[in-house]
Amino acid sequence: MTAKERKLLNKPGPGKTRGPVTDADEAHGSGLDRYDVAILDEMQRDARLSNAELASRIGLSAAPTWRRVKWLEAQGYITGYRAEIDRRRIGLGVLAFVRVDAERNNALATAALEDAIRSLPEVVACHYISGAGTFELHVVATDLDAYSRWSMDTLFKLPNVKDIHTSFSLGEVKAGAALPLAHLRPRGR
C-alpha cells in the first residue's frame, strides 16, 4: 500500500473516525507474510495460547492477530485444533504400518476402499503410495493379538483388498512433529 492510499484510507468519512491503517491490518494477498508464518509457528507449538499471548509473541496487537488467525482458518492453512494423546497411556501399545494392495485399481473400486478405510477408527492415517501397493495405513491396536484379529476380521474383508503387508513400530524416534516453515519465511531475515 502506498503512502497516498494509506492517507486516503485514514481519512474519516462524514461523522466517522478511523484509526491509522497499518500494514498488519491490510487485507491479505494470496500468500503468507512473516506475521502469518509466525502465527503458524507459534500455534503449532501451543494452540492453546491466548490471543493476547500469541500477539505478544509475534509482535502485533491483539486485534490484527485475531483477524489473521481467522483468515488462516478461513483459507484452510489452519484446519483444526486437537489434543495430542499418548497412545501408550490409553492402552494402544501397537503401531503398525500396513501396505494394502488393492485387487483392482479403477475409480469405483478405489473409492469404495477409501470409504471403508475412512470408517475404521483403528486407522489413524492413510496415504496413497507410489511403488508396490496402493495405500499405506498407520494402524493402532492394544497388542499384537488384537491387531491380528482386527486384520483378519476387518482389514481383509474390506472391498477390493488383495493383500496386506505389515511392519510394526519398535519405537518412536519422532512423532507429532510441527511442520517445517522455514521455506515460507522471506530470505535474508
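Biologist: Which residue in S3 stands opposite Leu 95?

Modeller: Val 140 is the one opposite Leu 95. Before we go on: this is a predicted model, where local features need pLDDT of at least 70, side-chain atom pairs count only at pLDDT 80 or more, and totals for chains, interfaces and linings use all residues. Residues are numbered from 1 along each chain as its sequence is written, and side-chain values use heavy atoms, with hydrogens and water left out.

Biologist: Fine. In what sense do S1 and S3 pair?

Modeller: Labels come from DSSP runs numbered from the N terminus: helices are H or I with at least four residues, strands are E with at least two. Two strands pair if DSSP finds at least two bridges between them. Here S1 (residues 94-102) runs antiparallel to S3, with 7 bridges between them.

Biologist: And over how many bridges do S2 and S3 pair?

Modeller: S2 (residues 123-128) pairs with S3 over 5 bridges, again in the antiparallel sense. One of the matches to look up is Cys 126, whose bridge partner in S3 is Leu 137. The hairpin of S2 and S3 has 6 residues between the strands, and Gly 131 takes a positive phi near 80° there.

Biologist: With S1 pairing to S3 and S2 pairing to S3 too, how many residues of S3 are buried?

Modeller: Buried means under 20% relative accessible area, exposed over 50%, and partly exposed in between, using a 1.4 Å probe and protein chains only. In S3 (residues 135-141), 5 of the 7 residues are buried, so the strand is largely enclosed by the rest of the structure.

Biologist: On to aromatics. How many aromatic pairs does the structure hold?

Modeller: You describe such a pair by the distance of the centres and the angle of the planes. Rings of Phe, Tyr and Trp (its six-membered ring) pair if their centres lie within 6.5 Å; planes under 30 degrees apart count as stacked, over 60 as edge-to-face and the rest as tilted. This structure holds 4 such pairs. One of them is Tyr 147 with Phe 168, edge-to-face at 5.3 Å centre to centre and 90° between the planes. Tyr 147 sits in H6 and Phe 168 in S4 (residues 161-168), so the pair ties together parts 21 residues apart in sequence.

Biologist: Buried or exposed, which is Tyr 147?

Modeller: Tyr 147 is buried, at 5% relative accessible area, while Phe 168 is partly exposed at 35%. Ring pairs also bring in Trp 150, linking Tyr 147, Trp 150 and Phe 168 into a cluster.

Biologist: Staying with H6, what is Ser 151 in contact with, leaving aside its neighbours within four places in sequence?

Modeller: Contact means heavy atoms within 4.5 Å. With those neighbours set aside, Ser 151 touches Phe 156 and Ile 164. Ser 151 lies in H6 (residues 144-153) and counts as buried, at 6% relative accessibility.

Biologist: What is phi of Asn 160?

Modeller: Near 70°, a positive value in a residue other than glycine. Asn 160 lies in the loop between H6 and S4, and its relative accessibility of 14% counts as buried.

Biologist: Last one. Where is the place of Arg 68?

Modeller: Look in H4 (residues 62-74). Charged or not, Arg 68 counts as buried at 2% relative accessibility. Its C-alpha is 8.2 Å from that of Ile 39, and the two residues are 29 apart along the chain.
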